[in-house]
Each structure stands twice: as structure tokens, then as C-alpha cells.
Amino acid sequence: MALFNRRVWINFLGLLPGSLVTVLAIAVAFLRFYDQQDFQFLSIVAQPQLWSNRLTVAALLAALANFGVEWNRRNREGDREAEARDREAEARNRENERRERENERAEREARRNRQEARRDRQEIRYRKAQLRYQLDPSEPHRRELGLVLAALEEYEQTLEEML
């Protein structure tokens, strides 16, 4: 089944023009510079000069075909490289977006933690003032409890405005 594989034939046909140019150039040189006195089997070629010219034209055509094959191959390689760069850029963009989302999530979490800490401090301050007043209902403890209640009311208004 590997013999009928499309990729195998495409690779073979891609190598054919370059190989054919080489073989034709050798044949042209052989017909141009040697005759039947040098090699006996050249006696079967009538008009070696004419055949040399024909093979030269064939070599030029094969060279043009090879040029087209190489041009196509390099364009495909360039396209693959461009696609790889695009994929890498998209991956970097996705990674940057993911990091930005994580940073935003972390910032929201930190803001929420700060708000919770502020609420906890306010609550602790209120309870301390309340306990002090319950233990010793003096005027300084009453003022402190009033200040804490005022701060809590202000905080409540701020929360209502935010919502």
C-alpha cells in the first residue's frame, strides 16, 4: 500500500525534474564531446549533434520545471513558518489573557480581603467599646461607643452607595 501513497509520489515527482536536468546535461555533454571512435555504442545514434540540441532543449524545460517545483516548495515552507508564527502568537495572546484574568481575579480577591479585614476591625472595635461600656458605663466609654456607632453607620452608608 505504501507504493500507492500520494505523499510518496509527490516526493518522487518533486525530485524528478532536478534529477532529469542532471541526466540530460550529462547526455548533452556526452553527445557533444564524444563520437563513435571513443565509444562504439554511439554508432547507433544518427546525427549526435541534432540529438544533443534536442536534449539541451529538454534540459532547459526540465530546469524550468525544477524551478517551479522548488518555488512551490519554498512557498509552502514559508506558509508553514508563517502559520507556526501565527499559532505561537495566538498561544502567547491566550496566555497573556489568562494571566490578565488571573491578575484581575487576584485583585478582586485582595480587595474583598481588605474589605473583610476592615469589617472585622470595625466589628472588633464595636465589641470592645460595647464591653468596656458594659463593664464601666462611664462617659468616656459612652463617647467611644458613640464614635464606633457613628463609624458603623458611615460604613453602612458607603456600602449602600456601592450597591
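This is a short talk on the helices, charges and surface patches of one protein model.

Hi everyone, and thanks for coming. Before we begin, please keep in mind that what you see above is a predicted model.

Let's start with helix α2, where much of my talk takes place. Helix α2 covers residues 48-135. That gives α2 88 residues, and from its first C-alpha to its last it reaches 127 Å. If you count 1.5 Å a residue, you would expect 130 Å, and the value in the model is close to that.

Which residues of α2 are buried? They are S52, L55, A59, A62, Q122 and A129. Keep those in mind while we look at some residues of α2 that have part of their surface open.

Now for the salt bridges. How many are there in the model? The count comes to eight, and I will walk you through some of them.

Take R98 and E95. These two form a salt bridge, and their closest N and O atoms are 2.2 Å apart. R98 and E95 sit three residues apart in helix α2, so about one helical turn separates them. Here is the general idea to remember: an α-helix has 3.6 residues a turn, so residues three or four places apart point the same way. As for how open they are, R98 has a relative accessible area of 32%, so R98 is partly exposed. E95 is at 28%, and E95 also counts as partly exposed.

E95 has another partner. E95 forms a salt bridge with R99 too, this time with the closest N and O atoms 3.7 Å apart. E95 and R99 are four residues apart in α2, which again puts about one helical turn between them. R99 is partly exposed, at 42% relative accessibility.

Further along α2 we meet R112 and E109. Their salt bridge has its closest N and O atoms 2.6 Å apart. R112 and E109 are three residues apart in the helix, so they too are separated by about one helical turn. Both are partly exposed: R112 has a relative accessible area of 37%, and E109 has a relative accessible area of 37%. Going back to E95 for a moment, salt bridges with shared partners link E95, R98, R99 and E102 into one network.

Next, let's look at charge on the surface. Which residues form the negative surface patch? The answer is D79, E83, D86 and E90. E83 is in helix α2, and its relative accessibility of 45% makes E83 partly exposed.

There is a positive patch as well. On the surface, R101, R105, R108, R111 and R114 gather into a patch of positive charge. R101, for example, belongs to helix α2. With 44% relative accessibility, R101 counts as partly exposed.

Let's move to the other helix I want to show you, α1. Helix α1 runs over residues 6-33 and includes L16. L16 joins F12 and L13 in a nonpolar surface patch of about 280 Å². L16 has a relative accessible area of 38%, so it is partly exposed.

L31 is in helix α1 as well. Is L31 buried or exposed? At 12% relative accessibility, L31 counts as buried, because the cut-off for buried is under 20%. L31 also gives us a nice pair to find in the viewer. L31 and Q49 are 18 residues apart in sequence, while their C-alpha atoms are 6.9 Å apart in space.

My last stop is Y126, which is back in helix α2. Y126 is partly exposed, at 25% relative accessibility. How far apart in space are Y126 and E144? From C-alpha to C-alpha they are 9.0 Å apart, with their positions 18 residues apart in sequence.

To recap, helix α2 reaches 127 Å, the salt bridge count is eight, and F12, L13 and L16 make a nonpolar surface patch. Thanks for listening!

Key:
Residues numbered from 1 in each chain as written. Predicted model: local features only at pLDDT ≥ 70, side-chain atom pairs only at ≥ 80, totals over all residues. Heavy atoms only, no water. Patch = residues over 30% accessible without salt bridge, like charges linked within 9 Å, V, L, I, M, F, W, Y side chains within 5 Å. Areas by Shrake-Rupley, 256 points an atom, 1.4 Å probe, with all protein chains shown as cover. Salt bridge = Lys/Arg side-chain N within 4 Å of Asp/Glu carboxyl O. Lys, Arg positive; Asp, Glu negative; His and termini not counted. Charge placed at Lys NZ, Arg CZ, Asp CG, Glu CD. Helix = DSSP H or I, 4+ residues; strand = E, 2+ residues; numbered from the N terminus. Buried < 20%, exposed > 50% of the residue type's maximum accessible area, 1.4 Å probe, protein only. Expected span 1.5 Å × (residues − 1).
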